[in-house]
Amino acid sequence: MTDTVENTQRTMIPGMGEEGEKLTVAQNPAARAGGRERNAAGSRADRLSSFELSDFPVLTGREEDWRFTPLKRLGGLHLPEGDDARLTGAAPAVTVAEQAGVTVETVARADARVGSVLTPDDRVSAAAWNSVSEATVVTISGEVAEPVRIDVVGSSADPAAMHLTVLVEENAQADVVIAHRGTAVLAQNVEFDVRRDARLNVVALQAWEGDAVHVSAQQASVATNAHFKHVAVSYGGGVVRLTPTARFAAERGEAEMYGLYFADAGQHLENRLFVDHNQPDCVSNVLYKGALQGTDARTVWVGDVLIRKEAEGTDTYEKNQNLLLSDGARADSVPNLEIETGVIEGAGHASATGRFDETQLFYLMARGIPETEARRLIVRGFLNEIIQKIGVGDVEDELTAVMEDELRIAQL
């Protein structure tokens, strides 16, 4: 049951006044897979952000943000040798398909558009910022009919950095597919400037070769009446760590953040997202799903949602689900929700990690479907919920084929 504030007609959280109450929830339902519950240190609002590398100490692995990440497998992207070091390897090649309404530029890092949305909030992101001298800027105007293809193809194992800025002008609409392929050891910063009344659907596809290391900060600014959808898909690479962030530049913005990951033996796939409700009357929805199979297959999902005091009228929900397909796999899932005002439309979160739903399995087998096929149907249904949200036909087809390959590997 909810109470109504008569003068604002907004929903209040039961037990909280208009002034709100800081509420931090951290849980790890993956304990059955070997995880351990542990609350985040401090408020997400207090997280350091800076362009200065020296503001982020050399990592030890004991930091809250890095305790799940295998630092020894990062290929030096965190510059363990000190603040004077830089990432000097050859960055992956970036190509953007030409079409009407899309402008592509290579600019100096000093360009005013570069860094206007993204400020590094960890050491690897700061290392990337301080290691690049130029950036790729993609500007989208009008309604772009065909998906904007941004191909990032690596061919070197030397630690490298790159920066990508995507600017979506007022009233513009586009689907953008950022596909990462080949091999690389890459620290990457990506920023999305989604301006008033614009709509941007981004698919970030991590389809690397098995030896790749990819650490990517992806931050978005969402303006009034703008809609931002970000779909992160990871199935390639040895170590992939993404930190997607959505912030609102004005009221009545909307952000959808979806994720799909499939980890095989020895892979480490990590997603740490942040939705910063810093404006009133904004909406966000987060749903990430993962499947794991094989010895030492490892996934990490941390979802931080912050509703600041000024963000009255917020409506937000986040959920993470993981499906363990074999012994030896481990999934950590930590949803965090901080609420600083009680005057909101709604806020919630959920997380679940486990094996096959025996009720679903029994239901299918009772109708004459063999157990192996029943298991495949369950996995397909589980992952298809995200695939269907991508909205780019050929990418959906590619991921459906990848899913079938993974099911064959799992011998389901």
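Q: How many of the 9 residues of helix α1 (residues 123-131) are buried?

A: Burial is read from relative accessibility, with anything under 20% counted as buried. In this predicted model, 7 of the 9 residues of α1 are buried, so the helix is mostly covered. The buried ones are Arg123, Val124, Ser125, Ala126, Ala127, Ala128 and Trp129.

Q: And what covers the buried residues of α1?

A: For that, you look at which elements touch the buried positions. Here the cover includes strands β7 (148-168), β8 (173-194) and β10.

Q: Where is aspartate 121 placed, and does it count as buried or exposed?

A: Take location and accessibility as separate readings. Aspartate 121 lies in the loop between β5 (102-108) and α1. Its relative accessibility is 11%, and because the cut-off for buried is under 20%, aspartate 121 counts as buried.

Q: Which residues does aspartate 121 touch, leaving out those up to four places away in sequence?

A: Skipping the sequence neighbours lets you see what the fold brings together. Aspartate 121 touches Arg44, Arg47, Leu48, Ser49, Phe56 and Gln219. Take phenylalanine 56 from that list: 65 residues separate it from aspartate 121 in sequence, yet their C-alpha atoms are 8.5 Å apart in space.

Q: Gln219 turned up there. Where is glutamine 219, and what does it touch?

A: Same approach, seen from the other side of the pair. Glutamine 219 sits in strand β10 (residues 213-222). With 2% relative accessibility, glutamine 219 counts as buried. Beyond residues up to four places away, glutamine 219 touches Val117, Leu118, Thr119 and Asp121, then Val190, Glu191 and Phe192, and also Thr245 and Arg247.

Q: Let's turn to helix pairs. At what angle do α3 and α4 pack, and how far apart are their axes?

A: You want the angle and the axis distance, then a label for the orientation. Helix α3 (residues 371-387) and helix α4 (residues 393-409) pack at about 150 degrees, with axes 11 Å apart. Angles over 145 degrees count as roughly antiparallel, so that is how α3 and α4 lie to each other. The crossing of α3 past α4 is right-handed.

Q: Which residues of α3 and α4 meet?

A: List each side, then sort by class. From α3 come Arg376, Val379, Arg380, Leu383, Asn384 and Ile387, and they meet Glu396, Leu399, Thr400, Met403, Glu404, Leu407 and Arg408 of α4. By class, this contact has 6 nonpolar, 2 polar and 5 charged residues.

Q: How do the axes of α2 and α3 cross?

A: Read this pair the same way. The axes of helix α2 (residues 358-365) and α3 come within 9 Å and cross at roughly 130 degrees. The two helices are therefore oblique to each other, and their crossing is right-handed. On the α2 side the contact is made by Gln360, Leu361, Leu364 and Met365, and on the α3 side by Glu371, Ala374, Arg375, Leu377 and Ile378. Those residues divide into 6 nonpolar, 1 polar and 2 charged.

Q: Stepping back, how many helices and strands are there in the protein, and what share of its residues count as buried?

A: Whole-chain totals put the local readings in context. The protein has 4 helices and 19 strands. Of its 412 residues, 57% count as buried.

Q: What share of the contacts with a separation of 6 or more comes from residues 24 or more positions apart?

A: It's a reading of how far along the chain contacts reach. In this protein the share is 85%. As for surface, the accessible area comes to about 16500 Å², and carbon and sulfur atoms hold 45% of that.

Definitions and conventions
Residues numbered from 1 in each chain as written. Predicted model: local features only at pLDDT ≥ 70, side-chain atom pairs only at ≥ 80, totals over all residues. Heavy atoms only, no water. Buried < 20%, exposed > 50% of the residue type's maximum accessible area, 1.4 Å probe, protein only. Contact = heavy atoms within 4.5 Å. Axes fitted to C-alpha atoms, helices over the stretch in contact; angles between N-to-C directions. Parallel < 35°, antiparallel > 145°, perpendicular 65-115°, else oblique. Left-handed = near helix turned anticlockwise from the far one by under 90°. Nonpolar A, V, L, I, M, F, W, Y, C, P; charged D, E, K, R; others polar. Areas by Shrake-Rupley, 256 points an atom, 1.4 Å probe, with all protein chains shown as cover.
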